[in-house]
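I opened this structure to look up its charged pairs and its nonpolar interior. My entries follow.

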Amino acid sequence: MNKVSNKGKIFSLSLAHMFNDFYMNYIQTLLPFLVAAGLGVSKGAFLISAFTVTSSVLQPVFGYLVDQKNQRWLVYVGTIWMAVLISLVGLLKNYSLLILVAALAGLGTAAFHPQASAMVSAVSGNRKGFWQSCFTAGGNVGWALTPLLVVPFVQTYTLVMTPLFILPGVLVAIMLWFSAPRVSSEAKTVPPLMPILRSNWFELTKLVFVVALRSLAYFGLMSFLPLYLQKTNVSLLAGSHLLFVMLFCGAIGGVVGGYLSDRIGRKAVIVGSLVLASPLFFFFLNTNGFYAYVLLALAGAALLASFSVTVVVAQNIISKNAAMASGLMLGFGIGIGGLGVGLVGILVEYSSIAFAINLLIWLPLLAGLFGLTLKTKKRSDLSER
């Protein structure tokens, strides 16, 4: 397989990742509209958590299955499954049914991510950090596009028309049917899982903790920053633009972080970017006008600079279980943080949204300081396959 075709396959998977993660930010973006329609803040937050349980926490399970036997169909079936179910959230009125649909929708992205990430790793050669960051950037751009597109659409056409968001998922699934890398469907010789986890549990636990803190800040700010800005007389549409700036620059930061990690080391990028993110968010909250946009852009870039880097670190720790490692970082680690959004929702109702936001912005600093305990490959070893 030549280099050009490898790049084309990575581009295809990255584009699919963009649309897949567009849906992952869908419920968070609808939260202000659902609250305005009568859903409590804490109920809306737990709706996000229900989606997170299946979309993220179950990813290591799918990852382990992928390591045993590649399943190409997971990327396109998972995408269309989530698109169809998640697009119904705006129509459903029964809260129990909302929770069920959100949880079932999450299975689609849980199936997509480990297989797609393992495909990217398989065709990345010795530049795994960079190409994983490109794949990850596609997803982060998708997160950024959700508020930019969904907010004005719902403001214009109301929640009744939200099932139209099924269409992008259908088109992406068709694209993946033709373009996703074809991998062997035969069972692979993969070392037993439990001995690998037992021998590496300490390093993996530390890495998951770092990712969980980062993702709690990430999910929490996406969910509650628009509501916080509304309290400060910033319109929902203007808030969606600010959120787009944070998430889009986060995607750029992820590519830069992946590039730098191949040169200066994974740990330096993880620690440095997370420590920098918190003060940037603090200054953003205390600044107005043009400089607020600049600070939020820098804060978003710093927060997500380590996104793909942590995936590569996990794949280095359990190198024979690449999909499992991807599932742990893209799924389990992020999922634990995402589950905390429900608890933050309770904190908002019993305290204040300002208190919750000011708590969330300092979590990256804590994650960065804890990241100092991580053990990663030396710079001279970064080119290892």
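**Entry 1: charged pairs**

Glu203 and Lys206 are three residues apart in helix H9 (residues 193-231), which means that about one helical turn separates them. I note that the model is a predicted one. I looked at the side chains of Glu203 and Lys206 and found them joined in a salt bridge, at 2.8 Å from N to O.

Are Glu203 and Lys206 buried or exposed? I found that Glu203 is buried and that Lys206 is buried too.

I then asked how many salt bridges a search of the whole structure finds. The search gives two. Besides the pair in H9, I found a salt bridge between the side chains of Arg266 and Asp262, with an N to O distance of 2.8 Å. Arg266 and Asp262 are both buried.

**Entry 2: nonpolar cores**

I went on to the largest nonpolar core, which has 92 residues. Which of its residues touch the most other members? They are Leu30, Ile86, Val89, Phe224, Phe281 and Ile357. I also looked up what H9 adds: this helix gives the most to the core, with 17 residues.

I picked Phe281 for a further look and left aside its neighbours within four places in sequence. Phe281 is then in contact with Leu221, Met246, Leu296, Ala299, Gly300, Leu303 and Ile361.

I also noted a second core, separate from the one above, with 17 residues. Among them are Ala116, Met119, Ala173 and Leu176.

Notes. Residues numbered from 1 in each chain as written. Predicted model: local features only at pLDDT ≥ 70, side-chain atom pairs only at ≥ 80, totals over all residues. Heavy atoms only, no water. Salt bridge = Lys/Arg side-chain N within 4 Å of Asp/Glu carboxyl O. Helix = DSSP H or I, 4+ residues; strand = E, 2+ residues; numbered from the N terminus. Buried < 20%, exposed > 50% of the residue type's maximum accessible area, 1.4 Å probe, protein only. Core = buried A, V, L, I, M, F, W, Y, C linked by side-chain atoms within 4.5 Å. Contact = heavy atoms within 4.5 Å.
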